[in-house]
Amino acid sequence: MSAGWRGPGSPLIWIKAESCAHNHLLAAKSAHDRKAEEMLDVARKPENLASSPAVKDVLNFIAGEYVAGGSGKSFDKRSPVDGAQIARVSEAGEAEVDAAVRAAQAALQGPWGKITPAERGDLLYAVANEINKRFDDFLQAEVADTGKPVSLARHLDIPRGAANFKVFADTVKNVSTEFFEMATPDGTGAINYAVRRPVGVVGVICPWNLPLLLMTWKVAPALACGNTVVVKPSEESPQTATLLGEVMNAAGVPKGVYNVVHGFGPGSAGEFLTSHPGVNAITFTGETRTGAAIMKAAADGARPVSLEMGGKNPAIVFADCDFDAAIDGTMRSCFANCGQVCLGTERVYVERPIFDKFVTALKARAEKLKLGTPADEATTMGPLISHEHRDKVLSYYRKAVEEGATIVTGGGIPNMPGELAKGAWVEPTIWTGLRDDAAVTTEEIFGPCAHIAPFDDEDEVLRRANVLDYGLAASVWTTNLARAHRMSARIEAGIVWVNSWFLRDLRTPFGGMKQSGIGREGGVHSLEFYTELKNVCIKL
Ligand code: NAD
Ligand code: 6OD
């Protein structure tokens, strides 16, 4: 049984010392199965689990049990706020990934594979309720990994983590399939009806920017449709996916339905998972380049992919906009989550008559952002996720200068007090004066920065907005209804927000055009990916 102990002041150490339940992981034990099991036994030995009590141990979650990697390999997770080590994460090797996939396969054959959609829905509601019961644990874990302000995670990340489960439980319960009567040459006729069936084991590869929100955005529809999952969270944000394992157990979700393996991409858990032949479909959120690598892996076995990838999203601000609303919305779209939102704005086009006024107002607001510790309720911007990512963002800050930008505000590293000076902080930054073909105006930076350019007419700004290979999201700010429709119809993006940003109805299609994505998820659209639609034709 569970011997899950907690370290001093830490709700986030999960170790189950022994595993009876684990044995039902492997139904028919081949030599390969036995090898995998032996490696997991090694992984469970205390010397492979223990680490400094000040640092949390984050383990893989396989078949309802917390297990370390058999090789004993682990990697450090550091706080973006001050660089201190906060966790030691057990890295899954090929054996653990294989065990997780087999656990997921076995679960499809067990009670999970036999219950009705309504019963699955009840379990998913229980998961959502359990997340809400453990709200503070999730909040603490998410904030520790990402450094984001607690005020942001409290109203966005954690509530959406719970909401995703309820929305997809409801969607699946209420969806119908098609039915056609047909004539036949002999006059008796036939009927056709379609049924949906789970795809099987879904591999879920996640990014670090909204870890719980984006992971559950995939796990919830996958489970609602009757699949089982193996999740590979980002190496930068391993904790909330791990904590969700406890929630699954508490909610009564059968073992093996939800599994988590930790590690990196190439040569690690990400690659092991996406190339595993037992994975029937792969859903991914992350960079476009990574999505392309995953597509290649999925080609082996011709497995379907759903890809939510990068963007370089425009905001288009017309002179007839509600100025204050446009400033508020653009502040959020450029700087929320320290600019680390795939839907965020990095290109702002402002109609010339209000250009100077807009730049002045946005600068004033950006300079009021309060950088500080996540726990401080007054903090409005945290650090970037890591020093590695900061190096990338700062390389664009330098490039902007080389490419001839005028720095309106920011452009460097802020002076942070004490230990915070060791964190991955950057200044919120605004530029003007760059060409449309500059690196800074064409490449995704994923930081708290934006370039503002003037425009003169609709056709011109549409051409400039649509010129890139990305097509994820766009915002249009105008009070002219006809213009709002015209612009929305012609912008090449999967999501267009008019007079708003990141306003989400989870029943709507979500995804990117061009190199920002393949497929749509959300509401009934998720069913297209997470189920096989089968037609039954009955001759009467
Ligand atoms: P990333 O592509 O570097 O990593 C995402 C995940 O893929 C991580 O778990 C990583 O370990 C894994 N991975 C990397 N290489 C892999 C490989 N070869 N095989 C299997 N797995 C591999 O992305 P990131 O830095 O974590 O996230 C930021 C990026 O995500 C940005 O480009 C952002 O625009 C994008 N994003 C898109 C959306 C969307 O909905 N379109 C949402 C959030 C983030
Ligand atoms: O709101 C969502 O469902 C979603 N997928 C948001 C993506 C945000 C990107 O950073």
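This is a short tour of the two ligands and the two largest pockets in a predicted model.

**Stop 1: ligand 1**

Start by selecting ligand 1 and showing the residues around it. There are 29 of them, and Lys-232, Glu-235, Thr-290, Met-309 and Glu-444 come nearest. Try colouring this shell by residue class: you should find 15 nonpolar, 8 polar and 6 charged residues.

Now look at some contacts that involve oxygen atoms of the ligand. Select Thr-290 and show its side chain: an N or O atom there is 2.6 Å from an oxygen atom of ligand 1. Move on to Glu-308, where a side-chain N or O atom is 3.4 Å from an oxygen atom of ligand 1. For Gly-286, turn on the backbone instead, as a backbone N or O atom of this residue lies 3.5 Å from an oxygen atom of ligand 1.

How much of the accessible area of ligand 1 does the protein cover? On its own the ligand has 850 Å², and the protein covers 91% of that.

Next, switch to a cartoon view and pick out the elements around the ligand. Helix H10 (269-274), strand E11 (281-285) and helix H11 (288-299) are the ones that give two or more residues to the shell around ligand 1.

**Stop 2: the largest pocket**

Hide ligand 1 for a moment and look at the space it leaves behind. The space taken by ligand 1 is the largest pocket, and this pocket has a volume of about 1200 Å³. Its lining is made of 41 residues; select Trp-208, Glu-235, Gly-286, Glu-287 and Thr-290 to see those that lie nearest the centre.

Which elements give two or more residues to this lining? They are H10, E11, H11 and helix H14 (387-402). Highlight H11 here, as the largest share of the lining, 6 residues, comes from this helix. By class, the lining of the largest pocket has 18 nonpolar, 13 polar and 10 charged residues.

**Stop 3: ligand 2**

Bring the ligands back and centre the view on ligand 2. The residues around it are Arg-160, Asn-209, Leu-210, Leu-214, Trp-217, Glu-308, Val-341, Cys-342, Leu-343, Phe-502, Arg-504 and Phe-510. You may recognise Glu-308, which also had a side-chain atom 3.4 Å from an oxygen atom of ligand 1. In the shell around ligand 2, 8 residues are nonpolar, 1 is polar and 3 are charged.

Show the side chains of Arg-160 and Asn-209. A polar side-chain atom of Arg-160 lies 2.8 Å from an oxygen atom of ligand 2, and a polar side-chain atom of Asn-209 lies 2.8 Å from an oxygen atom of this ligand too. Then turn on the backbone of Cys-342, where a polar atom is 2.8 Å from an oxygen atom of ligand 2. Taken alone, ligand 2 exposes 310 Å², and 99% of that is buried by the protein.

**Stop 4: the second largest pocket**

For the last stop, select Leu-152, His-155, Arg-332, Ala-336 and Asn-337. Of the 26 residues that line the second largest pocket, these are the closest to its centre. The pocket has a volume of about 550 Å³.

Colour helix H6 (150-155) and helix H12 (323-335), each of which supplies at least two residues of the lining. Which helix gives the most? H12 does, with 4 residues. To finish, colour the lining of the second largest pocket by class and look for 14 nonpolar, 6 polar and 6 charged residues.

Conventions
Residues are numbered from 1 along each chain as its sequence is written. Chains are lettered from A and ligands numbered from 1 in the order in which they are written. This is a predicted model: local features need pLDDT of at least 70, side-chain atom pairs count only at pLDDT 80 or more; totals for chains, interfaces and linings use all residues. Side-chain values use heavy atoms; hydrogens and water are left out. A residue is near a molecule or strand if one of its heavy atoms lies within 4 Å of it. A polar contact is a pair of N or O atoms within 3.5 Å; within protein, one must be able to donate a hydrogen and the other to accept it, and residues adjacent in sequence count only if both atoms are side-chain atoms. Accessible areas come from the Shrake-Rupley method with a 1.4 Å probe; for residues, only the protein chains shown count as cover. On a 1 Å grid over the protein atoms alone, a cavity is a set of points where a 1.4 Å probe fits but cannot get out, and a pocket is an open set with protein on both sides within 12 Å along at least five of seven lines; lining residues have an atom within 4 Å of a point. A molecule sits in a cavity or pocket if more than half of its atoms lie within 2 Å of its grid points. Ala, Val, Leu, Ile, Met, Phe, Trp, Tyr, Cys and Pro count as nonpolar, Asp, Glu, Lys and Arg as charged, and the others, Gly among them, as polar. Grid points are joined across faces, edges and corners, and a volume is the space filled by probe spheres set on the points.
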